[in-house]
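Hi,

Here is the structure I promised to pass on. Have a look at it first, and then read on for what turned up.

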Amino acid sequence: MATTVASLVLSTGITSAVLQVLVDRIANITQTKITQFTQLQSQFLQLGATMTKAKALVDDVENKKCFPEACRILLEDVKSVVLDADDLLDEIDLFLENRTDKNQVSQITQMFPSCFRFNIPSELRKIHKELGDLVDELEGYCMMNLGQPQMAAPTPILPSTSLVVESSIISRDPDKKRIIQMVLSDQGEGGGNVSVIPIVGMGGIGKTALAQLVYNDPDVVKSFDFKIWVSVSFSYDVVMITKSIFNSVAEQGSGLMSEFKGVFELSDMWKYFESSLNEIHIQLQRKLRGKKFLLVLDDMWNENPRDWDQLKLPFQVAAQGSKILMTTRSEIASSILSGAPAYHLNTLSHKDCWTIIKQTAGLGDAHENELIGLKIAKKCKGLPLAAKVIGSVLRYTYGERKWGALLKCELWESPEHGNHIYPALKLSYDNLSSYLRRCFTYCSIFPRDHEFEKDDLVQLWAAEGFIQAQGRQEIEDVGREYFGGLCSRSFFQVSDDDPPKYKMHDLVHDLARLVSTTVSFSMEDNVSNILPIPRHARYSSLLCQDIKPSTLEVFHRYEKLRTFLLLSEHASNLNQVPYDFFIKLGRLRVLNLSHSGISDLPDSVKNLIHLRYLNLSHTSIKSLPKSLANIYGLETLKLKNCCELLQLPDNLKNLIKLRHLDFDGRVISSMPMDVGKLTSLETLPAFIVGKHIGYQIGELKNMMFLRGSICITNLENVANSVEGEAAVLHEKQYLKKLELEWNEMGSQTVHQEVLTSLKPHVRLTELRVTGYCGLIFPNWISDSSFCKLERIHLDKCHFCTLLPSLGQLTALKYLLIQDMHELENIDRLLCGSTDTFPTLETLTFRDMPKLKIWSGINENDMPHLRVLSIDSCPELVTLPSLRYLRSLEMLEINRCSELQSLPREGLPLLLTCLIISESDILKERCKVQGADWDKIKSIPNIMIDDEVNEYHGAP
């Protein structure tokens, strides 16, 4: 491994981050949990002091970036001991929390001191001694190297300039044209004279090159009075940047500084300016007054709004159309400088990367190793920087055999690659907080191109203790902020899926593996990505198509593992977990056995006292061991698509720290008894209401942190409004989606009474009511206070005769009403007052066998309705006037055999698609020259009974 890459592996900041967490944890234990045990307090305080000292020394060494092999080994030993201490403190924390139950007060005085006297104190002393010895050795190293010349540091990344060889920039013409169009626009951001155009992308993607192309374009050059280029990078200093801008403006203006021709680095500017920032601001403002300028701030990292506010003060007097073009890896920096959307630069194609490789290597257009070259180009993953580095290597590499060797190796295994690509990428890593570094490096255990969802990853981080509490903010809300921080800095790429999925660019993934080499590994088809596997590895994953119980035994030697992820979706060969697996890996905090063929868990799972996260989704699990409920620290239990799991253990109520209980509500027959004791629950996809105490809907009362969606089913078991009100749904402010479901018919009066009592919080965004037998709906369902309600489904409400006035819901976008067997008339009551359904986009009426008349649409109703579908309404005779629906694009009428005609006034002018099926009367009227033909002939797309009408558009 190249020297520079080795330094990347070492200077990760992970050890320092863990030390800070432990120092805070020790302070919390000392101040709140063991105040009555003076001797233990003393031990904890001593350990905390040693850790604080260790953190200072580790920071000092890692900040030097370069150190000898002996120091590298020493730091690894410190990291190992620190992580061991973390495990011990976790065990102590769990022990203390499990002894705070009010019913166990009498046991505390007997069990607590003896346990500490003979076990925990000795473990604390052992850890303290090991860490103390290492700290002494590390301190000795630091003292010995005081005043000694530093080892040669890696070559720093040079500041950029505005000069560019345009022919060397490949396939950026479309980007260049779009940016130039924005640069030459006279419109300023928010009506101001100066607007900011951020170019955002990961390191090495070509942001600077694109900015250089724009900066030197002839049309751009002649459009501005001043053009200024500043290479910012990490050395953001308002004074130096302002002086650099002033220098450039002065050179292009009156010539006051002609004696200082040339390009200056920011660090050199002090020798030319001794003036204060105020004086420079005033002078710069005078120069820019009424002038049109283009300023490029290249490689911007600063995310402090106050710094930007100070820098831009002199720009306000410039001429309309002045522009600031900024390149950055940070979406946060982009949003601070500009209110406009950032321009995200995409990666290049493999062919473009091959073109860059050939150009850099001095190869001809048609090279003899073209096929191998294209495969090598794929390793660049669209990054021009990687292509240029590979090209520089191939310039001196001859022969198909050597090219083949390059194809097989990882980029970091080449000194040339490691010394250029990864240091550039690691700048982004170095700019992260210590907490974000731990979160990022953890992702190294995912295979390349692995897609993940935000909340899933945040739950893993939480289980590993990476997320630090911030005041009253929930841990996972903080974790989502961490996730957003990594996304905004281009560490994660987002898909267009719903919900969105994320992954890491291959070279970013390689960086994660590099900086986590000593703590993480992933094994694919029984071969690790890191060889040799570190003996004290903490985080691991397994991706293998043919997994057997014996495959898991390989992991027994890594007894300190905290994470084991089974990431194969085809692991059905694994039908059981060896009993010893949980004995050997007793420190696991995260265990994912999803998509395997296991049907049960061995009772040895109770040995996993540190376990926080357990995923058994998509398995054949039939039952959970009762001992699982003794893992008091468990926070996440995932059981999705476990089709053979019909019941959850009754003692699940013991898992009082459980935040996520994810299962299929359509499979589980009933809730565990007293599930209401799980007051920390945030995820509960379904609640199956029972009749008896301990199973009733009132168990939801104290679950105040429920979020996301929940289906409350078997509501026929709620006897009256008193029981319904006991669920206090109106106080569950984090719930976004609520489904209320009856599965049996019952008293119409009771149904109405119960639904009235189940009013949710006004922040709800989606509501589904299924199987309701009341004649009318309660008033709350159409209350305008539900200002975030976007989707409503009313389904199988067989006895309903009146629809609620849903037109008053100002955020409603989607409305589906179906399977209402007694509804005969839809009139103005659905809309309510005037100007109704202001945001509705899709409206569907389906399966209403008695509906005869729909009326009551007036001007200004449904101004944004795009899709209207009427399906299986065999008695429907008339439609309301639809011409007011000025945004309607698609009208679908299916199985409405008695519908007499289209509305007399015709259809909206913007209608582009009309579908009619199994509606014979309407079909005849809509034939060419039929009674309704003139109403539809101008519609571009007409389909009647699955046949496209070829005569539409005829005069």
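Let me start with a small puzzle: where in the chain does Leu163 lie? Before the reply, please keep in mind that this is a predicted model. Leu163 sits in the loop between helix H6 (120-144) and helix H7 (173-184). Is Leu163 buried or exposed? Leu163 counts as exposed because its relative accessible area is 65%, and the cut-off for exposed is over 50%. If you want to find Leu163 from another part of the chain, try Trp229: the two are 66 residues apart in sequence, and their C-alpha atoms are 9.9 Å apart in space.

Now the overall picture. The chain has 955 residues, of which 53% count as buried. You will find 29 helices and 29 strands in it. Take the contacts in the chain with a separation of 6 or more: 65% of them are between residues 24 or more positions apart.

On to the sheets. One is an open sheet of five strands, in the order E2-E3-E4-E1-E5, with parallel pairing. Its edges are strand E2 (226-233) and strand E5 (343-344), each of which pairs on one side only. At the E5 end, strand E1 (residues 194-200) and E5 run parallel and share two bridges. Val200 has His344 as its bridge partner in E5.

Another open sheet has 12 strands, and its pairing is mixed. If you want to trace it, the order is E16-E17-E18-E19-E20-E21-E23-E25-E26-E27-E28-E29. Strand E16 (686-688) and E29 are at the edges with a single partner strand each, so one side of each has no neighbour in the sheet.

Within that order, strand E25 (residues 867-871) and strand E26 (residues 890-894) are a parallel pair with five bridges. Ile870 is the residue that stands opposite Ile893 in E26.

Further along, look at strand E28 (residues 941-944). Which of its residues are on the covered face? Those are Ile942 and Ile944, while Asn941 and Met943 are on the uncovered face. That fits a general pattern: in a regular strand, side chains alternate between the two faces of the sheet.

E28 also shows what mixed pairing looks like. With strand E27 (residues 913-917), E28 pairs in the parallel sense over four bridges, and Ile942 is the bridge partner of Leu914. With strand E29 (residues 947-948), E28 pairs in the antiparallel sense over two bridges, and here Ile944 stands opposite Glu947. E28 and E29 make a hairpin with two residues between them. In that turn, Asp945 has a positive phi of about 50°.

Next, a couple of helix pairs. The axes of helix H14 (residues 350-361) and helix H16 (residues 384-394) come within 7 Å and cross at roughly 40°. With that angle, H14 is oblique to H16. The crossing is right-handed. On the H14 side, the contact is made by Cys353, Ile356, Ile357, Thr360 and Ala361. H16 brings Pro384, Ala387, Lys388, Ile390, Gly391, Ser392 and Leu394. Sorted by class, that contact has eight nonpolar, three polar and one charged residues.

How about helix H19 (residues 421-430) and helix H23 (residues 506-515), at what angle do they pack? The angle is about 80°, and their axes are 10 Å apart. H19 and H23 are therefore roughly perpendicular to each other. From H19, Ile421, Tyr422, Leu425, Lys426 and Tyr429 meet Leu507, Val508, Asp510, Leu511, Leu514 and Val515 of H23. By class, this contact has nine nonpolar, no polar and two charged residues.

One last stop: Lys454, which is found in helix H21 (residues 454-464). Lys454 is partly exposed, with a relative accessible area of 32%. Which residues is Lys454 in contact with, leaving aside its neighbours within four places in sequence? They are Phe483 and Tyr502. Tyr502 is 48 residues from Lys454 along the chain, yet their C-alpha atoms are separated by 7.4 Å.

Happy browsing!

How values were computed: Residues numbered from 1 in each chain as written. Predicted model: local features only at pLDDT ≥ 70, side-chain atom pairs only at ≥ 80, totals over all residues. Heavy atoms only, no water. Buried < 20%, exposed > 50% of the residue type's maximum accessible area, 1.4 Å probe, protein only. Pairing = 2+ DSSP bridges. Axes fitted to C-alpha atoms, helices over the stretch in contact; angles between N-to-C directions. Parallel < 35°, antiparallel > 145°, perpendicular 65-115°, else oblique. Left-handed = near helix turned anticlockwise from the far one by under 90°. Contact = heavy atoms within 4.5 Å. Nonpolar A, V, L, I, M, F, W, Y, C, P; charged D, E, K, R; others polar.
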